[in-house]
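Visitor: Could you walk me through this model, starting with the ligand and its surroundings?
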Amino acid sequence: MPTLLHLDSSASPLDRSVSRRLTARFARAWQARHGAAGYRHRDLATDPVPLVGAGYASLGVRVERHGAPVPLGDVPSFATSPAELHEWSLTHPLITELHAADTLLLGVPMYNFTVPAALKAWIDRVTFPGAHVDPATGDGRLTTTRVVVVTARGGGYGPGTPREPFDFQTPYLRAWCTEHLGVPDAHLRFVHAELTRAADVPALTPYRDLAATSLSTARTTLTALATV
Ligand SMILES: Cc1cc2nc3c(=O)[nH]c(=O)nc-3n(C[C@H](O)[C@H](O)[C@H](O)COP(=O)(O)O)c2cc1C
(Lines give C-alpha, C1' and ligand atoms only; values in the text may rest on other atoms or scores of the structure.)
Protein backbone atom coordinates (compact mmCIF):
# COMPACT_ATOMS: atom_id res chain seq x y z
CA MET A 1 0.00 0.00 0.00
CA PRO A 2 1.45 3.45 -0.92
CA THR A 3 2.11 5.56 2.16
CA LEU A 4 2.49 9.31 2.59
CA LEU A 5 3.83 11.02 5.72
CA HIS A 6 2.82 14.68 5.57
CA LEU A 7 4.51 17.09 8.00
CA ASP A 8 3.62 20.75 8.42
CA SER A 9 5.70 23.21 10.43
CA SER A 10 4.24 26.66 9.82
CA ALA A 11 3.26 28.56 12.96
CA SER A 12 0.31 29.96 11.01
CA PRO A 13 -3.00 28.17 10.49
CA LEU A 14 -4.13 26.85 7.10
CA ASP A 15 -5.95 30.01 6.01
CA ARG A 16 -2.81 32.13 6.57
CA SER A 17 -0.09 29.68 5.57
CA VAL A 18 1.14 29.25 2.02
CA SER A 19 3.14 26.10 2.82
CA ARG A 20 0.13 24.47 4.54
CA ARG A 21 -2.15 25.19 1.60
CA LEU A 22 0.41 23.79 -0.84
CA THR A 23 1.07 20.62 1.14
CA ALA A 24 -2.71 20.17 1.55
CA ARG A 25 -3.06 20.38 -2.23
CA PHE A 26 -0.43 17.65 -2.65
CA ALA A 27 -2.11 15.51 0.04
CA ARG A 28 -5.56 15.84 -1.59
CA ALA A 29 -4.24 14.86 -5.01
CA TRP A 30 -2.21 12.00 -3.53
CA GLN A 31 -5.25 10.62 -1.68
CA ALA A 32 -7.42 10.96 -4.77
CA ARG A 33 -4.97 8.63 -6.50
CA HIS A 34 -3.91 6.28 -3.70
CA GLY A 35 -6.76 6.43 -1.16
CA ALA A 36 -6.70 7.60 2.44
CA ALA A 37 -5.54 4.40 4.15
CA GLY A 38 -1.80 5.08 3.74
CA TYR A 39 -2.01 8.79 4.58
CA ARG A 40 -0.57 10.17 7.83
CA HIS A 41 -0.43 13.84 8.83
CA ARG A 42 1.65 15.31 11.64
CA ASP A 43 1.42 18.96 12.61
CA LEU A 44 4.75 19.86 14.18
CA ALA A 45 3.60 23.37 15.11
CA THR A 46 0.41 22.51 17.01
CA ASP A 47 1.66 19.13 18.27
CA PRO A 48 5.38 19.81 18.77
CA VAL A 49 8.00 17.11 19.09
CA PRO A 50 9.93 17.67 22.35
CA LEU A 51 13.48 18.95 21.93
CA VAL A 52 16.05 16.21 22.39
CA GLY A 53 17.38 16.04 25.94
CA ALA A 54 20.55 14.87 27.66
CA GLY A 55 19.27 11.28 27.72
CA TYR A 56 18.85 11.29 23.94
CA ALA A 57 22.43 12.47 23.49
CA SER A 58 23.98 9.97 25.95
CA LEU A 59 21.98 7.04 24.55
CA GLY A 60 22.93 8.04 21.01
CA VAL A 61 26.62 8.24 21.91
CA ARG A 62 26.51 4.77 23.49
CA VAL A 63 24.77 3.25 20.49
CA GLU A 64 27.21 4.96 18.13
CA ARG A 65 30.23 3.69 20.11
CA HIS A 66 28.93 0.15 19.62
CA GLY A 67 30.13 0.45 16.03
CA ALA A 68 27.73 -1.82 14.16
CA PRO A 69 24.17 -0.60 13.52
CA VAL A 70 21.88 -1.59 16.38
CA PRO A 71 18.42 -3.02 15.59
CA LEU A 72 15.83 -0.47 16.74
CA GLY A 73 14.25 -3.07 19.03
CA ASP A 74 17.59 -3.53 20.85
CA VAL A 75 18.22 0.17 21.56
CA PRO A 76 16.52 0.01 25.02
CA SER A 77 19.13 -2.55 26.11
CA PHE A 78 21.77 0.21 25.68
CA ALA A 79 19.94 2.58 28.04
CA THR A 80 21.37 3.09 31.52
CA SER A 81 18.70 5.37 33.02
CA PRO A 82 14.95 6.01 32.98
CA ALA A 83 15.70 9.34 31.29
CA GLU A 84 17.32 7.56 28.35
CA LEU A 85 14.42 5.10 28.09
CA HIS A 86 12.02 8.03 28.13
CA GLU A 87 13.91 9.76 25.33
CA TRP A 88 13.79 6.57 23.28
CA SER A 89 10.04 6.22 23.89
CA LEU A 90 9.62 9.69 22.34
CA THR A 91 11.92 8.88 19.43
CA HIS A 92 11.21 5.31 18.31
CA PRO A 93 7.58 5.89 17.17
CA LEU A 94 8.67 8.85 15.02
CA ILE A 95 11.38 6.76 13.34
CA THR A 96 8.94 3.90 12.75
CA GLU A 97 6.46 6.34 11.22
CA LEU A 98 9.17 7.72 8.92
CA HIS A 99 10.30 4.25 7.83
CA ALA A 100 6.71 3.31 6.97
CA ALA A 101 6.40 6.17 4.48
CA ASP A 102 7.34 5.81 0.86
CA THR A 103 6.75 9.53 0.33
CA LEU A 104 7.73 12.16 2.89
CA LEU A 105 6.08 15.55 2.32
CA LEU A 106 7.61 18.47 4.23
CA GLY A 107 5.90 21.86 4.55
CA VAL A 108 8.72 24.29 5.34
CA PRO A 109 8.25 28.04 5.84
CA MET A 110 11.48 30.01 5.74
CA TYR A 111 12.20 31.32 9.22
CA ASN A 112 15.38 33.40 9.50
CA PHE A 113 16.80 31.91 6.31
CA THR A 114 16.33 28.31 7.40
CA VAL A 115 13.76 25.78 8.65
CA PRO A 116 11.39 26.39 11.60
CA ALA A 117 12.52 25.14 14.99
CA ALA A 118 9.43 22.90 15.07
CA LEU A 119 10.72 20.96 12.07
CA LYS A 120 14.30 20.94 13.38
CA ALA A 121 13.09 19.32 16.62
CA TRP A 122 11.59 16.46 14.58
CA ILE A 123 14.74 16.18 12.44
CA ASP A 124 16.98 15.96 15.52
CA ARG A 125 14.81 13.23 17.02
CA VAL A 126 14.48 10.97 13.95
CA THR A 127 18.18 11.27 13.11
CA PHE A 128 19.19 8.82 15.82
CA PRO A 129 22.59 7.14 15.20
CA GLY A 130 22.28 4.18 12.84
CA ALA A 131 18.47 4.32 12.74
CA HIS A 132 18.26 4.49 8.97
CA VAL A 133 20.58 1.58 8.25
CA ASP A 134 19.31 -2.00 8.11
CA PRO A 135 21.52 -3.85 10.65
CA ALA A 136 21.06 -7.13 8.78
CA THR A 137 22.38 -5.88 5.43
CA GLY A 138 24.12 -2.58 6.21
CA ASP A 139 22.00 -0.97 3.47
CA GLY A 140 20.06 2.24 3.93
CA ARG A 141 16.39 1.82 4.83
CA LEU A 142 15.27 4.91 2.92
CA THR A 143 16.92 4.36 -0.45
CA THR A 144 13.52 4.12 -2.17
CA THR A 145 11.83 6.92 -0.19
CA ARG A 146 10.77 10.02 -2.08
CA VAL A 147 10.99 13.39 -0.31
CA VAL A 148 8.96 16.37 -1.50
CA VAL A 149 9.96 19.63 0.21
CA VAL A 150 7.55 22.55 -0.11
CA THR A 151 9.01 25.86 1.01
CA ALA A 152 7.32 29.24 1.44
CA ARG A 153 9.48 32.33 1.66
CA GLY A 154 8.53 35.94 2.23
CA GLY A 155 11.34 37.10 -0.07
CA GLY A 156 12.96 35.75 -3.21
CA TYR A 157 15.93 33.38 -3.14
CA GLY A 158 15.89 31.98 -6.68
CA PRO A 159 18.93 31.46 -8.92
CA GLY A 160 20.69 34.72 -9.73
CA THR A 161 18.88 36.79 -7.08
CA PRO A 162 20.88 38.81 -4.52
CA ARG A 163 19.48 36.66 -1.73
CA GLU A 164 20.24 33.31 -3.33
CA PRO A 165 23.26 32.78 -0.98
CA PHE A 166 20.94 33.21 2.02
CA ASP A 167 18.81 30.19 1.14
CA PHE A 168 19.98 27.87 3.90
CA GLN A 169 16.86 25.72 3.60
CA THR A 170 17.67 23.95 0.36
CA PRO A 171 21.33 23.01 1.00
CA TYR A 172 20.56 22.06 4.60
CA LEU A 173 17.62 19.80 3.78
CA ARG A 174 19.47 18.29 0.80
CA ALA A 175 22.49 17.43 2.99
CA TRP A 176 20.27 16.01 5.74
CA CYS A 177 18.22 13.86 3.36
CA THR A 178 21.17 12.46 1.43
CA GLU A 179 23.82 12.19 4.17
CA HIS A 180 21.75 11.37 7.26
CA LEU A 181 18.67 9.68 5.84
CA GLY A 182 20.40 8.06 2.88
CA VAL A 183 17.71 9.22 0.44
CA PRO A 184 19.21 9.40 -3.07
CA ASP A 185 19.45 12.94 -4.43
CA ALA A 186 17.35 11.88 -7.42
CA HIS A 187 14.45 11.15 -5.04
CA LEU A 188 14.38 14.71 -3.66
CA ARG A 189 12.10 17.40 -5.04
CA PHE A 190 12.09 21.01 -3.86
CA VAL A 191 9.08 23.18 -4.70
CA HIS A 192 9.42 26.82 -3.68
CA ALA A 193 6.72 29.47 -3.25
CA GLU A 194 8.71 32.69 -3.32
CA LEU A 195 7.87 36.27 -2.34
CA THR A 196 4.82 35.25 -0.32
CA ARG A 197 4.90 38.65 1.46
CA ALA A 198 4.70 40.62 -1.81
CA ALA A 199 0.98 41.08 -1.22
CA ASP A 200 1.41 42.95 2.06
CA VAL A 201 4.99 44.25 2.41
CA PRO A 202 5.19 47.61 0.59
CA ALA A 203 8.85 47.16 -0.41
CA LEU A 204 7.95 43.92 -2.20
CA THR A 205 5.03 45.36 -4.21
CA PRO A 206 7.06 45.40 -7.47
CA TYR A 207 7.41 41.64 -7.16
CA ARG A 208 3.72 40.74 -7.02
CA ASP A 209 3.68 39.27 -10.52
CA LEU A 210 6.72 37.15 -9.74
CA ALA A 211 5.03 35.96 -6.54
CA ALA A 212 1.87 34.99 -8.42
CA THR A 213 3.89 33.07 -11.01
CA SER A 214 5.89 31.31 -8.32
CA LEU A 215 2.73 30.23 -6.48
CA SER A 216 0.99 29.08 -9.61
CA THR A 217 4.05 27.05 -10.71
CA ALA A 218 4.29 25.50 -7.24
CA ARG A 219 0.61 24.45 -7.38
CA THR A 220 0.92 22.87 -10.81
CA THR A 221 4.18 21.11 -9.93
CA LEU A 222 2.76 19.67 -6.72
CA THR A 223 -0.40 18.37 -8.37
CA ALA A 224 1.77 16.66 -10.98
CA LEU A 225 4.15 15.21 -8.34
CA ALA A 226 1.25 13.86 -6.27
CA THR A 227 -0.21 11.89 -9.12
CA VAL A 228 3.01 10.03 -9.98
C1 LIG B 1 9.59 33.85 12.49
C2 LIG B 1 9.59 34.22 11.03
C3 LIG B 1 10.80 34.37 10.39
C4 LIG B 1 10.82 34.66 9.02
N5 LIG B 1 12.02 34.78 8.39
C6 LIG B 1 12.05 35.00 7.05
C7 LIG B 1 13.30 35.05 6.35
O8 LIG B 1 14.37 34.90 6.91
N9 LIG B 1 13.26 35.25 5.02
C10 LIG B 1 12.08 35.40 4.34
O11 LIG B 1 12.11 35.55 3.12
N12 LIG B 1 10.89 35.35 4.96
C13 LIG B 1 10.85 35.15 6.30
N14 LIG B 1 9.65 35.05 6.96
C15 LIG B 1 8.41 35.14 6.14
C16 LIG B 1 7.92 33.72 5.83
O17 LIG B 1 8.92 32.94 5.22
C18 LIG B 1 6.71 33.77 4.90
O19 LIG B 1 5.68 34.53 5.52
C20 LIG B 1 6.20 32.38 4.56
O21 LIG B 1 5.10 32.51 3.68
C22 LIG B 1 5.80 31.61 5.81
O23 LIG B 1 5.27 30.34 5.48
P24 LIG B 1 3.72 30.06 5.69
O25 LIG B 1 2.98 31.04 4.77
O26 LIG B 1 3.52 28.66 5.27
O27 LIG B 1 3.40 30.31 7.12
C28 LIG B 1 9.60 34.81 8.32
C29 LIG B 1 8.38 34.66 9.00
C30 LIG B 1 8.38 34.39 10.35
C31 LIG B 1 7.05 34.22 11.05
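Guide: Here is a short tour of the ligand site and of one serine, in a predicted model.

Visitor: Which residues come nearest to the ligand?
Guide: Happy to start there. The ligand has 18 residues around it. Those that come nearest are Ser10, Ser17, Ser19, Met110 and Thr196.

Visitor: How many residues of the shell around the ligand are charged?
Guide: Let's sort the shell by class. It has seven nonpolar and eight polar residues. The charged residues number three.

Visitor: How much of the ligand's accessible area does the protein cover?
Guide: Let's look at some polar contacts beforehand. An oxygen atom of the ligand lies 2.5 Å from a polar side-chain atom of serine 19, and backbone polar atoms of valine 18 and glycine 155 each lie 2.8 Å from a ligand oxygen. On its own, the ligand has 630 Å² of accessible area, and the protein's cover amounts to 75%.

Visitor: Is serine 9 buried or exposed?
Guide: Serine 9 sits in the loop between strand E1 (4–8) and helix H1 (18–34). Buried means under 20% relative accessible area. Serine 9 has a relative accessibility of 2%, so this residue counts as buried.

Visitor: Which residue's backbone oxygen lies 2.7 Å from a polar atom of the side chain of serine 9?
Guide: A good place to look is the list of residues that serine 9 touches. Leaving out residues up to four places away in sequence, these are Ala45, Gly107, Val108, Pro109, Pro116, Ala118 and Leu119. The backbone oxygen at 2.7 Å from the serine 9 side-chain polar atom belongs to glycine 107.

Key:
Residues numbered from 1 in each chain as written. Predicted model: local features only at pLDDT ≥ 70, side-chain atom pairs only at ≥ 80, totals over all residues. Heavy atoms only, no water. Near = heavy atom within 4 Å. Polar contact = N/O pair within 3.5 Å; in protein donor to acceptor, adjacent residues only side chain to side chain. Areas by Shrake-Rupley, 256 points an atom, 1.4 Å probe, with all protein chains shown as cover. Nonpolar A, V, L, I, M, F, W, Y, C, P; charged D, E, K, R; others polar. Helix = DSSP H or I, 4+ residues; strand = E, 2+ residues; numbered from the N terminus. Buried < 20%, exposed > 50% of the residue type's maximum accessible area, 1.4 Å probe, protein only. Contact = heavy atoms within 4.5 Å.
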